[in-house]
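Thanks for sharing this one. Here are my notes, as numbered points, to read with the structure open beside you.

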Amino acid sequence: MSAGTSDVAISGAVPDVAPRRGGVLAGRGSALAAALIFAALAVLPPIASAIGDPFLVVTATRIVVFAIAALSLDLVLGYGAMVSFGHAAFVGLGAYAVAILSSHGIDDVLVQALAAIGACALFALVTGAISLRTKGVYFIMITLAFGQMAYFFMVSLSAYGGDDGLTLSARSTLFGLPVLAGDIPLFYASLAVLALAFLGLRALTLSRFGRVLRGTKENPVRMQAIGFRPFAFQLTAYVIAGALAGLAGVLLANQAEFVSPAYMSWQRSGELIVMVVLGGMGTLVGPIGGAIAFLLLEDWLALFSEHWKLGLGVLLVLLVLFTRGGIAGGVERLFGKARP
Amino acid sequence: MFNLFLLQALNGVQFGILLFLVAAGLTLIFGIMDLINLAHGVLYMVGAYFAATFTALTGDFLLGLAIALPAALLFGLVLEFLIFRHLYERDHLDQVLATFGLILILNEGVKIVWGAAPMSVPIPELLSGSIPLIGPLQYPFYRVVIITAGLATAVGLWLLVNHTRVGMLLRAGAVNAPMVSALGVDIRRLFMLVFGFGAMLAGFAGAMVAPILSVEPGMGDGVLILTFVVIVIGGVGSVRGAFVAAILVGLVDTLGRTFGPIVLRAVMDPSAASQTGRTLAPMLIYILMAAVLFFRPSGLFPAKGAAA
Amino acid sequence: MSEALLAVTDLRKSFGALHVTDGVSFDVRTNELHAIIGPNGAGKTTLIHQLSGALKSDAGTVRFTGADVTRLSMVERVRRGLARSFQITSILDGFTVLENAAMAVQARSGSSFRFLRPASKEAALNDEAMAALARVKLDDRAHRRAGSLSHGEKRQLEIAIALATGAKLLLLDEPLAGTGHEESAVLVALMQELKQSHTIVLIEHDMDAVFALADRVSVLVYGRLIATGTPEEVRTHPDVRAAYLGEEEAA
């Protein structure tokens, strides 16, 4: 077995995973697409200040934060074949970890991030273990219900703002230093988290663990017949994804300097799914592209009408109805990119 | 205390009955068509808007209701024709996306047509007032009407499912849809029928609550989630399960909100008890769902038997 | 005579009133190829599901290497060396041929909860997988997408995956299903060669293949074994002729 032949296998692995839903940014160009997206994001702050539009950085931070959340959902949805409809709950829990600790005078971002990851991992472990006892429509409904449970918990938690949410007195600090106080440092910190998440998930999906997860997505019975129990792998992926989404929540709380139960609503979970599918599930660069496209589309539609959600809804329905293989397939055909 | 319990139990049953009306159609749609429909809650909302509009037009709630029901049926059939029949063959993710899009459309749509402000429907003269329960205890007559109408619908559904040919096909379809199709039954027409009828039931529930709740955009979203909890607890595809689970969820939710803090006061100081109680009460039904799932992953009355 | 590797005693399975497996007992000796034949609807596939652990048995026992495995899941049985192939090809189309086999090696080689190193570069896994592929003559296809193989090659891959699990006993569920004449000849030669190293339970419709390969044959009719013996004994067994071969001739 030479090293050269191994390389064939590894480069072939990524596009082969999702033959049906490749997405706009799938395929062999994905590494290039990722490099371009990260480069473009990295040079955005100087450009924003050059053209005198500092708000651009704020928008970009929001995009990067949701890209992290979408990326984490993709591990569950695209690689694990679990249609989870409660993913926004993890983002919200992460955000609340910041707000609640901050209201008690704990402002250090490392402590907050650890708390967020711990809380989200625990919530994912418990709800995932119960949800994964079921399949199909059950799984979708149950994850949705658990997401709502977290939502209502925060709504009724009047000590921390309840329905109205909670405003942060200041952004998180690092060892007492207000390193995230400026919008540009926060943007770069978020971008760094996104880059680390991207590289980490890339390694993970190609690892032993990731290979079993991808195999389970394609054919769970075959995986059992060679001696793997899908449950343990799917649950682990669910927990990792939950923790990463919690990290996105930490950044979101800092970006908005405000948290509210609305972050956890099921519409948010639906939007995250749209981002992942729009960009291309089962690819890592896809959800990032999907988050960019979705949030820009949202801003753009909002320019025309307060009823922009109507436009989004019509777009979703039309894409599903008139494209074979869902949205990703349709967008693909729109761009005339044929797949083998 | 007992009087309060009785009133709240009745409220719980009334709430459960409404959930059952929404869940009955949806559980069949899930069970028979294996279709995940997130947009069922907006059908409830549309039913409420229809009732409000036709009541305003005719000046009479009962007449408005009589027009709202066929309108909801028609609306369901149009949606089935335009969207849902194209989703049966798709995977769950496509269904989730399309019906999620439909929610966005209809929630915004009602805002455009009827405005974002809540509408209210007066309780009709005939059905207003209260009836005596025991002693000085009174209960609003309209809520009794809702319970009665819901129970009558449940009995009608039971007769339909257990004693008619269509009902037999529905039961068989929930267990094995391809088999029903192989028997030469036009499964597409059966689907259309179930969907339209389910839409009408959801619309009926919406219309019935129009006089006691405010009619507003997004009012179906919360109901949708509760309906999911009901279906998961009852077992996908089982109308009987939906009924039992709906009453259970209605009671647990209503009683939990009232008596949770009271019960907790026995073990902790009053302010902490009311705070904890108010926080935990909304979670009770989800905890109930988790508990049921833990012991019976296919719900209380699984239509597909142990294999599913 | 070598001892029984697999011993099945009074195994039962009913679906409602239908007794699909109705008191089946037989054993498979180490290094024999034991074929199970029977007309359509005899319950062969149900039986193999019960042996592999995909279906729970209502009653009876399955012992493998001396231990009772009746209550064990498919995963636990695979880990003990009882591997199956599928009647309807069940491979991972999106992965390479090599990865299909390497995944089976991975399942028994250390923890799969490793998150960083690329699995497809693990030489130890790939080497063993290549060895399994070489035994089924698929090593030259190792880097093709499994979905792009021909039907016969996919059937070969099914067997390679079962081999790669490190199985002592292979349960082959109609490996010749849907193959053409040439493909089938390749697979028969392959099983002939596998007999040297593995104990095999073969469920197959192709009588020529069964009588060419099997050391012993059991005949399953309506959930009951009506005869077990050498191919010659079974061929001349009056009940078998009546219940099975007669039916074939009539059809």
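1. Let me begin with chain C, bearing in mind that this is a predicted model. The domain assignment splits chain C into domain 1 (1-81 + 168-181 + 198-251) and domain 2 (88-167). Taken over C-alpha atoms, the centres of domain 1 of chain C and domain 2 of chain C are 27 Å apart.

2. How many residues does each domain of chain C bring to the contact? Domain 1 of chain C contributes 13 residues, and domain 2 of chain C contributes nine residues. About 820 Å² is buried between domain 1 of chain C and domain 2 of chain C, with carbon and sulfur atoms giving 61% of that area.

3. On the domain 1 side, three residues are worth a look. C:Leu170, C:Pro175 and C:His198 supply 42% of the area that domain 1 of chain C buries against domain 2 of chain C, more than any other three residues. As for polar links, the count between domain 1 of chain C and domain 2 of chain C is zero salt bridges, while four residue pairs are in polar contact, both residues at pLDDT 80 or more. Strand E7 (residues 169-173) of chain C gives the largest share of the domain 1 side that touches domain 2, with four residues.

4. Now to the chains together. Two pairs of chains touch, and the pair with the most contacts is chains A and B. Chain B and chain C do not touch, and their nearest C-alpha atoms are 11 Å apart.

5. Next, the nonpolar cores. The largest has 269 residues, and B:Leu38, B:Phe84 and C:Leu157 have the most contacts inside it. Helix H4 (residues 55-79) of chain A gives the most to this core, with 16 residues. From chain C, the core draws at least three residues from each of domain 1 and domain 2. A second, separate core of 21 residues includes C:Phe26, C:Val28, C:Ile36 and C:Ile48.

6. Which residues does B:Leu38 touch, leaving aside those up to four places away in sequence? In chain A the partners are A:Phe85 and A:Leu144. In chain B they are B:Val96, B:Thr99, B:Phe100, B:Ile103, B:Leu224 and B:Phe228.

7. Finally, a few words on chain A as a whole. Chain A holds 15 helices and two strands. Of the 340 residues in chain A, 62% are buried. Among contacts in chain A with a separation of 6 or more, 76% are between residues 24 or more positions apart.

How values were computed:
Residues are numbered from 1 along each chain as its sequence is written. Chains are lettered from A and ligands numbered from 1 in the order in which they are written. This is a predicted model: local features need pLDDT of at least 70, side-chain atom pairs count only at pLDDT 80 or more; totals for chains, interfaces and linings use all residues. Side-chain values use heavy atoms; hydrogens and water are left out. Contact means heavy atoms within 4.5 Å. A nonpolar core is a set of buried Ala, Val, Leu, Ile, Met, Phe, Trp, Tyr and Cys residues joined through side-chain atoms within 4.5 Å. Buried means under 20% relative accessible area, exposed over 50%, partly exposed in between (1.4 Å probe, protein chains only). Domain bounds come from an automatic or database domain assignment. Buried area is the accessible area (1.4 Å probe) that two parts lose on being put together, summed over both. A salt bridge is a side-chain nitrogen of Lys or Arg within 4 Å of a carboxyl oxygen of Asp or Glu. A polar contact is a pair of N or O atoms within 3.5 Å; within protein, one must be able to donate a hydrogen and the other to accept it, and residues adjacent in sequence count only if both atoms are side-chain atoms.
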